[in-house]
Amino acid sequence: MAPQREWLEHDFYKDLGVASDASAEEIKKAYRKLARELHPDANPGDPEAEERFKRVSEAHSVLSDPEKRKEYDETRAMFAGGRFRGGNGFPGGFGGGGTTYTTGGADFDLGDLFGGTGGSGGIGDLFEGLFNRGGGTQRTSTASRPRRGKDLETETTLSFKDAALGTTVPLRVTSPSPCTTCHGSGAKPGTSPRVCPRCNGSGFVSRNQGAFGFSEPCQDCQGTGSRIDDPCTDCSGTGVKVRARTINVRIPAGVEDGQRIRLAGQGEAGRRGAPSGDLYVVVHVTPHKYFTRSGNDLRVTLPVRFSELVLGATVSVPTLDGSVGVKIPPHTTDGRTLRVRGRGVPKRSGGAGDLLVTLKVAVPDKLDEAALEAMRAYDKAERESGFDPRADWGR
Ligand SMILES: [Zn+2]
Ligand SMILES: [Zn+2]
């Protein structure tokens, strides 16, 4: 059933150290800071940090999802207002007898609502809900059936070269994962869940309440449609355990900074064998000392001698995986960009972008007397040859 007992036992806002009206940004910031501090990798063998890490992760997973956060807030508000049957303490366990009416995942107690003790909600809301929402069957099915696990997001930082050429990185993810003992079924090894006899596996049962017919989550199987007689002791029958796992993620060639890679089925495990969510990996790319990218083209600025531009030369230019000889034609202008086809970043469609080499004259900051002497002789000869770089100026 949707509102978990944990929702009432834990103050997620307190776990994250934020106010209950904190903005999404504040929640994200607080989570990032705590997750870094408490991460199992940073606190090896510290069960207290591990426990807090789990709590913080759970708090974040609920509060970062606007829909879930609303649900959580409403559930807690209702409980604080004493609208659950039982008043103080826990209401005899969710789904432990009595009638629940499910709206958007939060459980209301029908008895309380009809009895008129339920503050602002009131019977008007209930009627509205009934008539606007169609059949009871549809209403309860999504909230009470085993759900697909949540999507997860993590990040990784790659070198410029690894991002351009592709690589495989091991990613450590701590999240609810299929229990290895029961392989996610929730049933003790050697046994298996059976179809719930009360609801015939549908997860809900019909019931008449005055003039209305309701479908309500089956109490015998908590709306899952199956019964586990012998729960797996490792995961208490949920089929899910929080653990750290390492996933080898293949990063395709050509990924760019900020890109998200989706790994289907690598997110949180669903309860009792429901499908897992997806894992999204946000890629950060560190800048390169020489190279930059524009799409699949690779850019580099190459320092050259003035004499190389005038006389022409073949120079060696670094590439991502080695070097390439580039021919500079005689009388090449400073700042000119030469294109070397196919030596850029590999394309997903095959082939590769180009290497764009921009030439830039390096002026020596000191020269020995012989070189200076030659430079003066060159200067003289150049003037005598009639070359004037500013010939067109000032006219
Ligand atoms: Zn298990
Ligand atoms: Zn059932």
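Buried means under 20% relative accessible area. The model used in these exercises is predicted.

**Exercise 1. Zinc ion (ligand 2)**

Identify the protein donors of the zinc ion (ligand 2), classify the site, and place the donors in the chain.

Solution.
- Step 1: list the donors. They are Cys196 (SG), Cys199 (SG), Cys218 (SG) and Cys221 (SG), at 2.2 to 2.3 Å from the ion.
- Step 2: check the angles. The four donor atoms give 103 to 115°. Four donors count as tetrahedral if all angles lie between 85 and 135 degrees, and the site of the zinc ion (ligand 2) is tetrahedral.
- Step 3: read the spacing. The donor residues of the zinc ion (ligand 2) run C-x2-C-x18-C-x2-C.
- Step 4: locate two of them. Cys199 sits in the loop between strand S5 (194-195) and strand S6 (204-209), and Cys221 in the loop between strand S7 (212-217) and strand S8 (226-227), so the pair ties together parts 22 residues apart in sequence.
- Step 5: test burial. Cys221 has 2% relative accessibility and counts as buried. Cys199, at 6%, is buried too.

**Exercise 2. Zinc ion (ligand 1)**

Repeat the analysis for the zinc ion (ligand 1): which residues are its protein donors?

Solution.
- Step 1: list the donors. Cys179 (SG), Cys182 (SG), Cys232 (SG) and Cys235 (SG) lie 2.3 to 2.4 Å from the zinc ion (ligand 1).
- Step 2: check the angles. They span 105 to 114°, which makes the arrangement tetrahedral. The ideal angle for four tetrahedral donors is 109.5 degrees.
- Step 3: read the spacing. Along the chain the donors of the zinc ion (ligand 1) follow C-x2-C-x49-C-x2-C.
- Step 4: locate two of them. Cys179 is in the loop between strand S4 (167-178) and S5, and Cys235 is in the loop between S8 and strand S9 (240-251), so parts 56 residues apart in sequence are tied together by the pair.
- Step 5: test burial. Cys179 is buried at 1%, Cys232 is buried at 1%, and Cys235 is buried at 4%.
- Step 6: count disulfides. The structure has zero.

**Exercise 3. Salt bridges**

How many salt bridges does the structure hold? Work through three pairs and a network.

Solution.
- Step 1: take the total. There are 19 salt bridges.
- Step 2: examine Arg55 and Asp15. Their closest N and O atoms are 2.8 Å apart. Arg55 lies in helix H4 (residues 47-63) and Asp15 in helix H2 (residues 12-16), so the pair ties together parts 40 residues apart in sequence. Arg55 is partly exposed at 30%, whereas Asp15 is buried at 13%.
- Step 3: examine Asp354 and Arg341. The N to O distance of this salt bridge is 3.2 Å. Asp354 is buried at 10%; Arg341 is exposed at 64%.
- Step 4: examine Glu373 and Arg376. They also form a salt bridge, 3.2 Å from N to O. Both lie in helix H11, three residues apart, about one turn of the helix. Glu373 is partly exposed at 45%, and Arg376 is partly exposed at 45%.
- Step 5: add the network. Salt bridges link Arg148, Asp151, Arg262 and Asp278.

**Exercise 4. A surface patch**

Which residues form a nonpolar patch on the surface?

Solution.
- Step 1: name the members. Phe306, Met375 and Tyr378 together have about 300 Å² of accessible area.
- Step 2: place Tyr378. It belongs to helix H11 (residues 369-384), and is partly exposed at 36%.
- Step 3: relate Phe306 to Val363. Their C-alpha atoms are 8.0 Å apart, with their positions 57 residues apart along the chain. Val363 lies in the loop between strand S17 (355-361) and H11 and is exposed at 70%.

Technical notes
Residues numbered from 1 in each chain as written. Chains lettered and ligands numbered in written order. Predicted model: local features only at pLDDT ≥ 70, side-chain atom pairs only at ≥ 80, totals over all residues. Heavy atoms only, no water. Donors = N, O, S within 2.8 Å, 3.2 Å for Na, K, Ca; no water. Tetrahedral: all angles 85-135°; square planar, octahedral: opposite > 155°, others 65-115°. Helix = DSSP H or I, 4+ residues; strand = E, 2+ residues; numbered from the N terminus. Buried < 20%, exposed > 50% of the residue type's maximum accessible area, 1.4 Å probe, protein only. Patch = residues over 30% accessible without salt bridge, like charges linked within 9 Å, V, L, I, M, F, W, Y side chains within 5 Å. Areas by Shrake-Rupley, 256 points an atom, 1.4 Å probe, with all protein chains shown as cover. Salt bridge = Lys/Arg side-chain N within 4 Å of Asp/Glu carboxyl O. Disulfide = S-S within 2.5 Å.
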